[in-house]
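Here is a set of short exercises with worked solutions for you to try. Open the structure beside the text and follow each step on it.

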Amino acid sequence: MALEWMPRDNENKDHMLHTDVHWGTDADAPCVVYEKRPLTNPKTGEVAEGLYVSWIRLNNPKQYNSYTTEMVKGVIAGFENASLDRSVVAAVFTGTGPYSFCTGGNTKEYSEFYSLRSDEYGQYMELFNHMVDSILACKKPVVCRVNGMRVAGGQEIGMACDLAISSDLAIFGQAGPKHGSAPDGGSSDFLPWFLNMEDAMWNCVSCEMWTAYKMKMKNLISKCVPVLKIDGQWVRNPMIITDKYIQDGEIVYGEYKKGDELKEARALIKQHQANADFELLDKEVDNIVWTFANLFPGCLIKSIDSVRAKKKFFWDYSKNYNRHWLAANMGGEAFLGFGAFNTKRITGQDTINFLKFRQNIAECKTWNMEMFAEVMGTPKE
Ligand SMILES: CC(C)(COP(=O)(O)OP(=O)(O)OC[C@H]1O[C@@H](n2cnc3c(N)ncnc32)[C@H](O)[C@@H]1OP(=O)(O)O)[C@@H](O)C(=O)NCCC(=O)NCCSC(=O)C1=CCCCC1=O
């Protein structure tokens with residue numbers, strides 16, 4: 001005789017925190033699109049009934065899938081729902097279109113609303129931190145499907161994911177120190193785990209963009225695959241050296257070609273990128289998800305959380321006090337940096353005059369609008 005006499009409640013509980021108010025459709029850009037796609041065996045195409053993969057997609061292609069404040073809420077809602085939905089096996093984080101996964105915070109919002117409103121940006125940063133937390137806390141494995149450039153805050157939320165598979169046209173890097181911020185939304189915590197310390201330092205501060213092949217070689221991502229299909233043939237990013245490792249004693253794999261070769265390759269990409277084909281990228285993502293699906297869910301997520309804990313160590317340590325510096329910075333360098341980028345079509349220059357700014361500081365000039373005007377561009381005729 002078992003324990004049938006014990007009272008039991010067998011009605012399922014609803015643990016979902018969010019409704020769909022923070023999501024939209026393709027036509028609603030800028031927004032986040034949340035889709036549950038049936039879990040499918042990539043070899044046979046067979047659907048595993050009742051099981052799904054959550055696709056959380058940044059949908060702001062005109063602004064390179066930068067996230068607006070509302071979109072930050074959409075990402076949080078996406079990951080928290082994927083986490084709590086018992087039918088979901090894994091989450092895929094991606095962006096709309098062939099150009100960009102995400103280029104970080106929306107510089108128009110940063111420049112036109114948040115700059116000079118430090119406390120407002122402090123509140124925004126709480127949302128941003130929650131967004132990174134929602135990825136790191138998702139109780140389903142998270143795959144970053146890097147459909148295009150992963151820059152600035154885009155790199156930060158990308159690195160919060162468990163694995164990254166990338167289009168070979170993607171570039172990776174930071175923009176903060178050039179545009180008036182510090183990559184403290186995760187990059188300064190995560191990059192030294194992925195790259196070596198020297199590479200992490202340079203990539204974090206120089207604002208150089210590194211290719212997907214270089215990042216594969218340096219262990220930032222798991223794999224990069226071609227997305228250009230020309231006359232039925234897959235073509236690896238023609239701008240990048242992928243057929244040799246060493247030239248004249250230097251490591252050249254993943255570096256840009258030079259001169260006319262680069263020019264021609266750039267023109268070819270320009271011609272074909274709009275029709276990029278993500279078949280190989282999706283195959284890789286589907287294979288990973290299928291591998292996850294065929295593991296014990298409890299043992300899987302415990303193992304993932306054990307690895308995530310190392311990433312979270314520095315992120316959790318720094319995120320709360322970083323919020324205050326980022327907020328305060330909106331009253332100074334961010335006003336200038338994001339202002340310059342946001343007005344580049346008006347002035348013709350996307351950064352401030354850094355040397356003049358340093359000269360002004362060296363002369364102990366006070367930080368006011370006159371001093372700022374000396375370093376900003378001016379409207380073109
Ligand atoms: C280097 C770039 C990513 C790509 O350069 P390029 O290929 O030359 O394209 P652009 O002509 O610059 O961009 C095409 C259009 O997209 C608009 N765009 C690009 N990025 C953004 C953005 N982040 N927000 C809004 N709009 C964006 C761009 O203005 C163009 O529009 P147009 O109308 O002129 O055609 C380059 O685009 C770039 O550097 N982008 C900005 C990167 C950036 O500064 N991001 C914010 C960094 S700060 C951040 O993300 C943070 C996160 C949390 C913690 C604190 C923090 O600072």
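**Exercise 1.** Which residue is the bridge partner of leucine 58 in β3?

*Solution.* Before starting, keep in mind that this is a predicted model. Begin with the two strands: β2 covers residues 47-59 and β3 covers residues 88-95, and they run parallel, joined by seven bridges. Now look across from leucine 58 into β3, and you will find glycine 95 as its bridge partner.

**Exercise 2.** Place β2 and β3 in their sheet, and find which strands stand at the edges.

*Solution.* Step one is the strand order: the open sheet has six strands, arranged β1-β2-β3-β5-β7-β10, with mixed pairing. Step two is the edges: β1 (31-40) and β10 (223-225) each have a single partner strand, so one side of each has no neighbour in the sheet. As a last step, consider the twist: on average, neighbouring strands are turned by 25° against each other, direction ignored.

**Exercise 3.** Is serine 54 buried or exposed, and which residues does serine 54 touch?

*Solution.* First locate serine 54, which belongs to strand β2. Its relative accessible area is 0%, and the cut-off for buried is under 20%, so serine 54 counts as buried. Next list the contacts, leaving out residues up to four places away in sequence: serine 54 touches Tyr34, Glu35, Lys36, Ala82, Val88, Ala90, Ala91 and Val92.

**Exercise 4.** Describe how helices α3 and α4 pack, and sort the residues of their contact by character.

*Solution.* Two quantities describe a pair of packed helices: the angle between the axes and the distance between them. For α3 (residues 118-136) and α4 (residues 153-160), the angle is about 30° and the axes are 8 Å apart. Angles under 35 degrees count as roughly parallel, and α3 and α4 are therefore roughly parallel to each other. On the α3 side, the contact is made by Phe128, Met131, Val132, Ile135 and Leu136, while α4 supplies Glu156, Ile157 and Ala160. Sorting these residues gives seven nonpolar, no polar and one charged.

**Exercise 5.** Which aspartates form salt bridges with arginine 308, and where do the partners lie in the chain?

*Solution.* Start with aspartate 162, whose side chain meets that of arginine 308 in a salt bridge at 2.7 Å, N to O. This pair links distant parts of the chain, 146 residues apart: arginine 308 is in helix α11 (residues 297-329), and aspartate 162 is in the loop between α4 and β7 (163-167). Continue with aspartate 305, which meets arginine 308 in a salt bridge at 3.1 Å, N to O. Arginine 308 and aspartate 305 are three residues apart in α11, so about one helical turn separates them. Finally, compare accessibility: arginine 308 is buried, with a relative accessible area of 2%, whereas aspartate 305 is partly exposed at 25%.

**Exercise 6.** What is the distance between the closest N and O atoms in the salt bridge of lysine 73 with glutamate 70, and how many salt bridges are counted in total?

*Solution.* The closest N and O atoms of lysine 73 and glutamate 70 are 3.6 Å apart, and the cut-off for a salt bridge is within 4 Å. Both residues lie in helix α1 (residues 69-84), three residues apart, about one turn of the helix. Lysine 73 is partly exposed, with a relative accessible area of 29%, and glutamate 70 is partly exposed at 38%. The full count comes to 21 salt bridges. For a further example, look at Asp26, Glu35, Arg37 and Arg57, which are linked in a network of salt bridges.

Notes: Residues numbered from 1 in each chain as written. Predicted model: local features only at pLDDT ≥ 70, side-chain atom pairs only at ≥ 80, totals over all residues. Heavy atoms only, no water. Axes fitted to C-alpha atoms, helices over the stretch in contact; angles between N-to-C directions. Helix = DSSP H or I, 4+ residues; strand = E, 2+ residues; numbered from the N terminus. Parallel < 35°, antiparallel > 145°, perpendicular 65-115°, else oblique. Contact = heavy atoms within 4.5 Å. Nonpolar A, V, L, I, M, F, W, Y, C, P; charged D, E, K, R; others polar. Buried < 20%, exposed > 50% of the residue type's maximum accessible area, 1.4 Å probe, protein only. Pairing = 2+ DSSP bridges.
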